[in-house]
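Colleague: I'd like to go through this one and hear the reasoning behind each label. Can you pull it up?

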2 protein chains.
Amino acid sequence: MKLLDIYARMKSDLNKIEKQLELSVTTDHALLSEASLHLLKAGGKRIRPVIVLLAGKFGQYDLDVLQKVAVPLELIHMATLVHDDVIDDADTRRGQLTVKSKWDNRIAMYTGDYIYAKALTIVTELNNPALHQVLSKAIVEMCIGEMEQIRDFFNTEQTVRNYLLRIRRKTALLIAISCRLGAIAAGTDDRTSNRLYRFGYNVGMAFQIRDDLLDLLGTAKQIGKPPGSDIRQGNITLPVLLALREPAIRTPLLGEIARIREAGGQTDCSAAIELIRGSRGIGEAERMSARYIDKAVSALEELPDIPAKKSMKDIAAFVGERNY
Amino acid sequence: MKLLDIYARMKSDLNKIEKQLELSVTTDHALLSEASLHLLKAGGKRIRPVIVLLAGKFGQYDLDVLQKVAVPLELIHMATLVHDDVIDDADTRRGQLTVKSKWDNRIAMYTGDYIYAKALTIVTELNNPALHQVLSKAIVEMCIGEMEQIRDFFNTEQTVRNYLLRIRRKTALLIAISCRLGAIAAGTDDRTSNRLYRFGYNVGMAFQIRDDLLDLLGTAKQIGKPPGSDIRQGNITLPVLLALREPAIRTPLLGEIARIREAGGQTDCSAAIELIRGSRGIGEAERMSARYIDKAVSALEELPDIPAKKSMKDIAAFVGERNY
């Protein structure tokens with residue numbers, strides 16, 4: 001597994017970041033520390049810190065500086081997860097109890113608020129207003145993305161463009177600015193920073209499309225939650241929109257979605273899932289994801305051939321083939 | 001009314017800030033704009049912007065700079081209100097429907113997140129990392145304060161010190177940093193900034209104590225919600241803690257609080273309120289509030305005798321006597 005190789009090569013730096021992540025959410029408020037650490041220990045691939053460090057290799061790599069960008073980005077990702085769990089009413093994530101189910105919605109909301117704010121304080125330790133600005137603007141966009149997702153719940157008339165704009169805000173943006181902030185923190189020139197940003201943006205788009213595919217194709221074990229949770233809560237993803245374009249599938253699928261909506265998600269979704277799995281939507285969504293991966297790789301073309309570039313290509317390839 | 005005079009004198013500057021507040025939450029996302037504007041239009045005394053502007057008078061007063069501090073501070077205050085309403089399950093605030101009751105909890109949570117983030121983007125338009133740092137650290141503390149409030153719900157054994165620490169984080173801090181950020185943005189020296197901070201901190205403490213008193217003493221019309229909502233949700237405030245020290249009141253009051261807790265707040269709280277009203281807790285809390293007001297006024301002593309100083313004293317006096 002090439003991805004494991006990347007992690008192995010960066011191990012000591014990633015360990016340091018892991019330690020800083022823990023320190024950053026350790027407060028003298030027991031419940032808050034416990035809830036935040038619970039979330040942290042639940043793991044995750046730390047893809048944003050990895051990307052920050054790799055982007056930093058294209059400039060002056062200084063771990064003490066880069067970690068003050070890497071840690072906030074992972075924290076912001078975590079904060080969005082806690083708030084998503086409040087909204088989604090999710091009891092487990094990655095096979096672990098969520099903060100909202102282990103404690104309650106109130107704790108989850110303030111834990112999320114706290115982690116967001118903590119992330120911003122860390123980045124302000126670097127005396128570079130550009131970093132603060134990129135980060136806070138991205139959070140604004142991400143919030144708008146979350147609102148759009150709610151607005152578009154069960155909206156079967158939305159366009160593919162709508163979906164793409166939404167996942168741009170929801171997912172791609174944070175990965176893109178992981179590249180940008182790593183680049184800025186390492187003092188690269190603007191062209192390098194922009195190319196890295198484009199890499200991150202396209203990888204992020206592919207990542208979310210594959211995530212949405214996995215929710216339809218994966219097993220509960222692979223994805224850490226029951227499949228079909230998107231359609232159950234009304235989140236109409238790319239394969240669904242594409243399946244709806246198929247005349248033979250459209251009518252029965254619309255019927256199933258209406259039935260799920262009426263039941264408030266508390267019903268068997270397997271008929272809908274089977275319809276989508278049997279449609280051309282799956283293959284088309286896979287191809288769209290692959291095109292984003294291609295764009296990500298070509299964004300790297302003009303960059304110097306350092307080992308970090310190879311690692312970024314490996315990450316792109318991994319995202320493109322990701323099955324868990 | 002002296003307070004109205006202060007507003008009248010600052011009218012054109014406050015109007016400009018009001019306009020900027022509106023602009024700041026106007027997005028091309030209809031629902032988000034609507035929810036934020038609903039909140040903004042519900043009004044409020046804009047005490048934080050007023051304080052920023054007054055603090056700015058002790059340095060180089062530049063409205064274009066100061067508004068980029070005043071607007072974020074009011075936005076952060078608003079964001080905490082939206083999130084509080086989710087937690088408190090409040091249907092009205094200041095006599096208006098809350099975001100969570102007009103829309104739902106999900107919209108309220110993301111509207112709050114959005115307003116927080118938006119506040120931070122505005123302050124990053126000023127190229128002064130000290131501002132970002134003070135602001136994001138304050139949000140961290142405020143989140144901890146909110147968590148402490150939840151932790152301490154129905155805890156009748158908590159100390160007065162505990163209560164004071166909690167309202168420091170929950171209320172006083174944001175008013176204190178309104179002074180500090182106004183001072184920093186106007187380039188005052190550190191001593192001036194520290195004195196203004198102390199003024200804000202003490203006014204904020206007095207403000208919250210009076211707010212907690214009003215919840216017990218006011219009428220529904222005066223406070224814009226039914227009295228006793230604190231004790232109903234388990235928020236044990238200063239007058240209650242002081243009343244519990246009175247042997248003749250302690251036992252029946254503990255009994256009432258236990259009964260309210262068991263009923264999940266869905267019960268008549270008038271017996272508890274009567275017990276507290278009849279205790280020495282009211283008078284003692286009023287005296288503590290008055291002492292904070294005295295401290296606020298003496299923090300101003302060494303500052304130059306400009307009109308803003310007089311206005312700040314008037315604000316302190318108003319908070320000390322506030323009955324709505």
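Colleague: Why is A:Cys269 called buried?

Modeller: Keep in mind that this is a predicted model. A:Cys269 has a relative accessibility of 2%, and buried means under 20%, so A:Cys269 is buried.

Colleague: And what makes B:Cys179 buried?

Modeller: The relative accessibility of B:Cys179 is 0%. That is under the 20% cut-off, so B:Cys179 counts as buried.

Colleague: How many disulfides are there over all chains?

Modeller: Zero. A disulfide would need a pair of cysteine sulfur atoms within 2.5 Å.

Colleague: On to charges. Why are A:Glu125 and A:Lys68 called a salt bridge?

Modeller: Their side chains meet at 2.8 Å, N to O. The cut-off is 4 Å, so the pair qualifies. The two sit 57 residues apart, with A:Glu125 in the loop between H7 and H8 of chain A and A:Lys68 in helix H5 of chain A.

Colleague: What makes A:Glu125 partly exposed?

Modeller: Its relative accessible area is 44%. Partly exposed lies between 20% and 50%, so A:Glu125 fits. A:Lys68, at 22%, is partly exposed too.

Colleague: How do you know that B:Lys309 and B:Asp305 meet in a salt bridge?

Modeller: The N to O distance is 3.0 Å, and a salt bridge needs those atoms within 4 Å, so they pair.

Colleague: Are those two partners, B:Lys309 and B:Asp305, buried or exposed?

Modeller: One of each. B:Lys309 has a relative accessible area of 4%, so it is buried. B:Asp305 is at 71%, which is over 50%, so B:Asp305 is exposed.

Colleague: What about A:Asp152 and A:Arg151: which of those is buried and which is partly exposed?

Modeller: A:Asp152 is buried at 3%, while A:Arg151 is partly exposed at 41%. Their side chains form a salt bridge at 3.1 Å, N to O.

Colleague: How many salt bridges are there over all chains?

Modeller: The whole structure has 26. Among the residues involved, A:Glu18, A:Arg46 and A:Glu74 are linked in a network.

Colleague: And how many salt bridges are there between chain A and chain B?

Modeller: Zero. There are seven residue pairs in polar contact between the two chains, though. On the chain A side, H8(A) gives the most, with 14 residues.

Colleague: What is the area buried between chain A and chain B?

Modeller: About 3,600 Å², with carbon and sulfur atoms giving 76% of that. Each chain puts 39 residues into the contact.

Note on methods:
Residues numbered from 1 in each chain as written. Chains lettered and ligands numbered in written order. Predicted model: local features only at pLDDT ≥ 70, side-chain atom pairs only at ≥ 80, totals over all residues. Heavy atoms only, no water. Buried < 20%, exposed > 50% of the residue type's maximum accessible area, 1.4 Å probe, protein only. Contact = heavy atoms within 4.5 Å. Buried area = accessible area lost by both parts, 1.4 Å probe. Polar contact = N/O pair within 3.5 Å; in protein donor to acceptor, adjacent residues only side chain to side chain. Helix = DSSP H or I, 4+ residues; strand = E, 2+ residues; numbered from the N terminus.
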